[in-house]
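The following exercises concern backbone geometry, burial and helix packing in a single chain. Each task is followed by a solution worked in steps.

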Amino acid sequence: MIFYDCNTAPSPRRARMFIAEKGIEIETRNIDLSKGEQLGPDYLAVNPRATVPALVTQGGQVLGENIAIAAYLEALFPEPPLMGEGAEEKGSVMMWNAMSEFQGGWAVAEALRNAHPAMKDRALPGPESYRQIPELAERGHARLNVFFDLLEQRLQESPYLASGRFTLADITAFVFCDFARVVRRAIPEENGATRDWFARISERDSARR
């Protein structure tokens with residue numbers, strides 16, 4: 001297997017944490033997004049969608065989505081079970097992972113990609129060019145407020161998002177909470193349950209990768 005990473009971007013960090021939690025050793029190649037290496041011919045030959053992360057499987061297939069990478073590695077390395085055990089927990093992991101990605105990840109992306117000068121004509125990832133829409137940056141910040149409230153409500157009820165233990169859903173939400181700093185946002189001081197959850201995950205070895 002070969003894992004294509006970028007040590008400054010949130011999406012590959014999600015896969016990197018998953019790999020670390022599984023204790024898997026995978027050949028890793030770094031793609032420097034700041035230099036536009038994802039748009040170079042070498043990487044486009046691997047992943048024509050020009051997105052990172054990507055995983056080349058043992059069978060030679062290229063998986064270019066986090067959920068696909070996680071599902072593949074979970075099937076090969078079922079312990080620890082990061083995508084849940086049993087129908088109820090598996091469903092909960094998928095639900096909270098999707099909500100964290102849509103409500104949190106895309107909110108940060110909207111706020112960053114539609115306002116930062118370095119993202120001019122790069123409002124969406126991939127090989128195509130899309131212009132920035134300032135109103136979407138404003139909407140991203142508003143959506144982050146909703147995301148932080150969503151996490152706080154859930155984490156007042158449960159020590160982790162999907163169930164009583166750490167899962168893929170926590171990786172996704174944690175990474176996007178942390179990455180929100182790029183748009184000068186952080187978990188609100190009054191959100192005590194979320195801040196406690198974030199501190200606990202920050203202590204995990206995978207969070208330092």
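**Exercise 1. Backbone of the loops**

Ala50 is found in the loop between H2 and S3. The model is predicted: local features need pLDDT of at least 70, side-chain atom pairs count only at pLDDT 80 or more, and totals for chains, interfaces and linings use all residues. Residues are numbered from 1 along each chain as its sequence is written, and side-chain values use heavy atoms, with hydrogens and water left out. Helices (H or I, at least four residues) and strands (E, at least two) are DSSP runs numbered from the N terminus.

Task: State the sign of phi of Ala50 and decide whether Ala50 counts as buried or exposed.

Solution.
- Step 1. Most residues other than glycine have a negative phi, and most peptide bonds are trans.
- Step 2. Phi of Ala50 is near 60°, a positive value in a residue other than glycine.
- Step 3. Ala50 counts as buried because its relative accessibility is 5%; buried means under 20% relative accessible area, exposed over 50%, and partly exposed in between, with a 1.4 Å probe and protein chains only.

Task: Treat Asp121 in the corresponding way.

Solution.
- Step 1. Asp121 is placed in the loop between H4 and H5.
- Step 2. Its phi is near 65°, a positive value in a residue other than glycine.
- Step 3. With 33% relative accessibility, Asp121 counts as partly exposed.

Task: Identify which residues are joined to Pro53 and Pro80 by cis peptide bonds.

Solution.
- Step 1. Val52 and Pro53 are joined by a cis peptide bond with omega of about 15°; Pro53 lies in the loop between helix H2 (41-46) and strand S3 (54-56).
- Step 2. Glu79 and Pro80 are joined by a cis peptide bond with omega of about -10°; Pro80 belongs to the loop between H3 and H4.

**Exercise 2. Two loop side chains**

Task: Describe the surroundings of Asn47, including what its side chain reaches.

Solution.
- Step 1. Asn47 is in the loop between H2 and S3.
- Step 2. Its relative accessibility is 6%, so Asn47 counts as buried.
- Step 3. The side chain of Asn47 reaches the backbone oxygen of Thr51 at 2.8 Å. This is a polar contact, that is, a pair of N or O atoms within 3.5 Å; within protein, one must be able to donate a hydrogen and the other to accept it, and residues adjacent in sequence count only if both atoms are side-chain atoms.
- Step 4. Neighbours within four places in sequence aside, Asn47 is in contact (heavy atoms within 4.5 Å) with Ala54 and Gly64.

Task: Describe Ser158 by its location, burial and neighbours.

Solution.
- Step 1. Ser158 lies in the loop between helix H5 (134-155) and helix H6 (168-179).
- Step 2. Ser158 counts as buried because its relative accessibility is 9%.
- Step 3. A polar atom of the Ser158 side chain lies 2.5 Å from the backbone oxygen of Tyr160.
- Step 4. Not counting residues up to four places away in sequence, Ser158 touches Ser163 and Gly164.
- Step 5. Ser158 and Trp197 are 39 residues apart along the chain, and their C-alpha atoms are separated by 9.8 Å.

**Exercise 3. Helix H1 and its packing on H3**

Task: Compare the span of H1 with the expected value and state how many of its residues are buried.

Solution.
- Step 1. H1 has 13 residues and reaches 19 Å from its first C-alpha to its last, close to the 18 Å expected at 1.5 Å a residue; the expected span is 1.5 Å times one less than the number of residues.
- Step 2. Twelve of the 13 residues of H1 are buried.
- Step 3. Their cover includes strand S1 (2-5), H3, helix H4 (86-113), H6 and helix H7 (192-202).
- Step 4. Just after H1, Gly23 takes a positive phi of about 70°.

Task: Classify the packing of H1 with H3.

Solution.
- Step 1. The axes of helix H1 (residues 10-22) and helix H3 (residues 66-76) come within 10 Å and cross at roughly 10°. Axes are lines fitted to C-alpha atoms, for helices over the stretch in contact, and angles run from 0 to 180 degrees between N-to-C directions.
- Step 2. H1 is therefore roughly parallel to H3; angles under 35 degrees count as roughly parallel, over 145 as roughly antiparallel, 65 to 115 as roughly perpendicular and the rest as oblique.
- Step 3. The contact is made by Ser11, Arg14, Ala15, Phe18, Ile19 and Lys22 of H1 and by Asn66, Ala70, Leu73 and Glu74 of H3.
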